[in-house]
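Hi,

Here's the structure I said I'd send over. Have a look at it first, and my notes are underneath.

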Amino acid sequence: MFRIMFVCLGNICRSPMAEYMLKSKLSSRGITSVEVASAATSDEEVGNPVYPPAKALLKSKGIDCSEKRARQLQKSDGDKFDLFICMDSRNVRHAKAILGEANADKCVKMLSFVHSDADVADPWYTRDFETCYNDIERGLDALLETLPKE
């Protein structure tokens, strides 16, 4: 089993969008050898559901994330997951600090899979959930090409 953790600041917009988008893509391809989760670098939103505009956008694409509640990244996650895909440079720095030196090399940026150093802009601030969705989708489609084959 290959385990992926998506990471953003609050775990209510970008990282749960990526989590549920990838789960949907894996399911539609019949891939069962990848486990997917998401977490926050901060504790601000712990226990809260996915932010309503993000949830509505996913729902419009046929993706249900209603059971998701925000959680904070823990040092112990470093031993449980193979890859931490962070939405921006700040998330990478904070994830590495939380996970520690032994697991820091497992942290990458979402758009690195499309050979870009760009960040996935936080729609909490930009209010542009569609662009966020499209950026994540580009990254996920490229990520799928790198995953271990079943």
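Below is what I found, going from the sheet to the helices and then to two threonines. Keep in mind that this is a predicted model.

The sheet

There's an open sheet of 4 strands, running β2-β1-β3-β4, with parallel pairing. β2 (34–40) and β4 (107–109) sit at the edges with a single partner strand each, so one side of each has no neighbour in the sheet. On average, neighbouring strands are turned by 25° against each other, if you ignore direction.

If you want to look at one pairing in detail, try β3 (residues 83–86) with β4: the two are joined in the parallel sense over 3 bridges. Ile85 is a handy place to start, with Val108 as its bridge partner in β4.

Two helices pack on this sheet. α1 touches β1 (2–8) and β2, and its direction makes about 170° with that of β2. Helix α4 (residues 89–99) touches β1, β3 and β4, and its direction makes about 175° with that of β4.

Helix against helix

α1 (residues 14–28) also meets α6 (residues 129–144): their axes come within 10 Å and cross at roughly 45°. An angle of that size is why α1 counts as oblique to α6. The crossing is right-handed.

Which residues make the contact between α1 and α6? From α1 you have Arg14, Met17, Ala18, Met21, Leu22, Lys25 and Leu26. α6 brings in Phe129, Cys132, Tyr133, Ile136, Glu137, Leu140, Asp141, Leu143 and Leu144. Sorted by type, the residues of this contact are 12 nonpolar and 4 charged, with no polar ones.

Two threonines

Is Thr41 buried or exposed? Thr41 counts as buried because its relative accessibility is 9%, and the cut-off for buried is under 20%. You'll find Thr41 in the loop between β2 and α2 (52–60). Leaving aside residues up to four places away in sequence, Thr41 touches Val7, Cys8, Leu9, Gln72, Asn91, His94, Ala95 and Ile98.

Thr131 belongs to helix α6. With a relative accessible area of 37%, Thr131 is partly exposed. Thr131 is 60 residues away from Arg71 in sequence, and their C-alpha atoms are 24 Å apart in space.

Cheers

Technical notes:
Residues are numbered from 1 along each chain as its sequence is written. This is a predicted model: local features need pLDDT of at least 70, side-chain atom pairs count only at pLDDT 80 or more; totals for chains, interfaces and linings use all residues. Side-chain values use heavy atoms; hydrogens and water are left out. Axes are lines fitted to C-alpha atoms, for helices over the stretch in contact, and angles run from 0 to 180 degrees between N-to-C directions. Angles under 35 degrees count as roughly parallel, over 145 as roughly antiparallel, 65 to 115 as roughly perpendicular and the rest as oblique. A crossing is left-handed if the near helix is turned anticlockwise from the far one by less than a right angle, and right-handed if clockwise. Contact means heavy atoms within 4.5 Å. Ala, Val, Leu, Ile, Met, Phe, Trp, Tyr, Cys and Pro count as nonpolar, Asp, Glu, Lys and Arg as charged, and the others, Gly among them, as polar. Buried means under 20% relative accessible area, exposed over 50%, partly exposed in between (1.4 Å probe, protein chains only). Two strands pair if DSSP finds at least two bridges between them.
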